[in-house]
Amino acid sequence: MKCPQSHSLECRTRRRSVLRVAVVLAACSVCRHALSEVPGLLFASAPSLRAGYLQGLNDGRAALARGYASARAPSPMAMAALDPSTTATTASMIESTSLLSYPIGLFCLYCIMSLNEYCYHRYFQHLGINKIDVSRSIRDFFGLPTYKGDGHVEHHRETLDDMMLEPLEKREHILDHDPFRGTAFNWPATFSMTVAITAQSLPVLMLLGWNVPLALVTILTAMMLHALAWNTIHPNMHGLPDVELHQGAPSGLLAGLRDSPAFVHLRVNHEGHHRTPGAHGNYNVCLPMMDHLFGTHVGEIPPTPKEPVAAAA
């Protein structure tokens with residue numbers, strides 16, 4: 001039945017509202033049905049739900065025992081459900097799943113942090129986002145300017161082949177306000193990265209059965225270690241001073257590890273990033289992984305040999 005011409009807009013609006021409500025109700029019904037079909041063992045891996053699950057399992061076993069006590073011939077499946085060894089096996093599965101969730105969670109956290117380090121370094125610090133077709137379309141549609149970066153490109157311009165910086169008169173003046181010339185993470189930058197990593201990794205860890213306090217402590221510890229490692233390696237390799245506590249994660253806490261194999265590898269890996277053409281490679285600084293997965297790992301690149309100075313006649 002068609003609406004009168006004078007009320008056509010109102011009718012169409014009402015129909016759209018009814019359709020939205022119907023879609024929401026249908027989605028809720030589907031979600032409820034799907035959740036009701038999820039096996040209990042998936043949720044039992046969460047430590048906070050393990051005790052409740054086992055209690056429910058025991059209560060169900062007791063109810064089955066009362067129900068089958070009056071039966072003349074209990075089925076073999078029912079008797080198997082009442083077997084205490086079955087409950088013990090289930091509890092063992094739950095416990096092993098819970099223990100396995102911790103190393104899996106740490107691996108997932110490392111992957112998330114490595115991916116974020118890679119993407120931020122490649123697409124924002126090196127302005128790779130300006131070269132993506134989708135980004136270009138969005139800029140053209142909204143009339144937005146290209147992303148200018150945070151001074152990291154300028155940091156590359158003033159870095160020499162031996163990782164030292166250009167003389168003062170040749171340096172990029174846009175970095176003069178920063179005593180570390182874009183090589184260190186200050187506290188605001190560390191806070192922003194921590195919020196971003198927490199938003200991505202906390203749901204993953206909770207799905208794996210981690211409780212929230214443990215997940216938050218682990219994430220905060222990992223992010224602090226990352227900031228400490230970055231501030232220990234990066235400014236120092238460019239001949240800049242150590243980061244103090246009032247400026248950011250202090251370099252001095254891990255300064256004694258600069259000559260360790262792990263820190264030497266990270267430093268040499270980052271030198272390759274500076275020396276490869278266009279700085280296209282070795283985007284991971286402290287968390288190597290994604291360069292290997294995305295094919296941008298260039299390995300170690302030694303410095304260019306210096307030409308011998310001719311002897312004076």
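A disulfide here is a pair of cysteine sulfur atoms within 2.5 Å. Keep that cut-off in mind for the first view, and note that every view comes from a predicted model.

**View 1. Cys 108 and Cys 111, a cysteine pair without a bond.** By that cut-off, the structure holds 0 disulfides. Why is Cys 108 not bonded to Cys 111? The sulfur of Cys 108 sits 6.3 Å from that of Cys 111, its closest cysteine sulfur, and that is too far for a bond. Look from the other end and you get the matching picture: for Cys 111, the nearest cysteine sulfur belongs to Cys 108, 6.3 Å away. As for cover, Cys 108 is partly exposed at 23% relative accessible area, while Cys 111 counts as buried at 18%.

**View 2. Leu 127 and Ala 279, two loop residues with positive phi.** Most residues other than glycine have a negative phi. Leu 127 goes the other way, with a phi near 60°. You'll find Leu 127 in the loop between helix 5 (84-125) and helix 6 (133-142), where the residue is partly exposed, with a relative accessible area of 21%. Ala 279 also has a positive phi, near 55°. Ala 279 belongs to the loop between helix 10 (261-275) and helix 11 (290-294). Is Ala 279 buried or exposed? Ala 279 is buried, at a relative accessible area of 7%.

**View 3. A nonpolar patch on the surface, running from Ile 132 to Leu 144.** Six side chains are worth labelling here: Ile 132, Val 134, Ile 138, Phe 141, Phe 142 and Leu 144 make a nonpolar surface patch of about 640 Å². One of these patch residues, Leu 144, is in the loop between helix 6 and helix 7 (152-157). Leu 144 is partly exposed, at 47% relative accessibility.

**View 4. Arg 157 and Glu 154, a salt bridge within helix 7.** How many salt bridges does the structure hold? There are 8 salt bridges, and this view shows one of them, with Arg 157 and Glu 154 meeting at 4.0 Å, N to O. The two residues are 3 apart in helix 7, so about one helical turn separates them. Their surroundings are quite a contrast: Arg 157 is exposed, with a relative accessible area of 52%, whereas Glu 154 counts as buried at 14%.

**View 5. Glu 158 and Arg 181, a buried salt bridge in a loop.** The closest N and O atoms of this salt bridge, between Glu 158 and Arg 181, are 2.6 Å apart. Both residues lie in the loop between helix 7 and helix 8 (187-207), so the pair ties together parts that are 23 residues apart in sequence. Glu 158 is buried, at 0% relative accessibility, and Arg 181 is buried too, with a relative accessible area of 6%.

**View 6. Glu 271 and Arg 275, part of a salt-bridge network.** In this close-up, the side chains of Glu 271 and Arg 275 form a salt bridge at 3.4 Å, N to O. Here the partners are 4 residues apart in helix 10, which means they are separated by about one helical turn. Glu 271 counts as buried at 15% relative accessibility, and so does Arg 275 at 17%. Now widen the view: salt bridges with shared partners join Asp 161, Arg 267, Glu 271 and Arg 275 into one network.

Conventions
Residues numbered from 1 in each chain as written. Predicted model: local features only at pLDDT ≥ 70, side-chain atom pairs only at ≥ 80, totals over all residues. Heavy atoms only, no water. Buried < 20%, exposed > 50% of the residue type's maximum accessible area, 1.4 Å probe, protein only. Patch = residues over 30% accessible without salt bridge, like charges linked within 9 Å, V, L, I, M, F, W, Y side chains within 5 Å. Areas by Shrake-Rupley, 256 points an atom, 1.4 Å probe, with all protein chains shown as cover.
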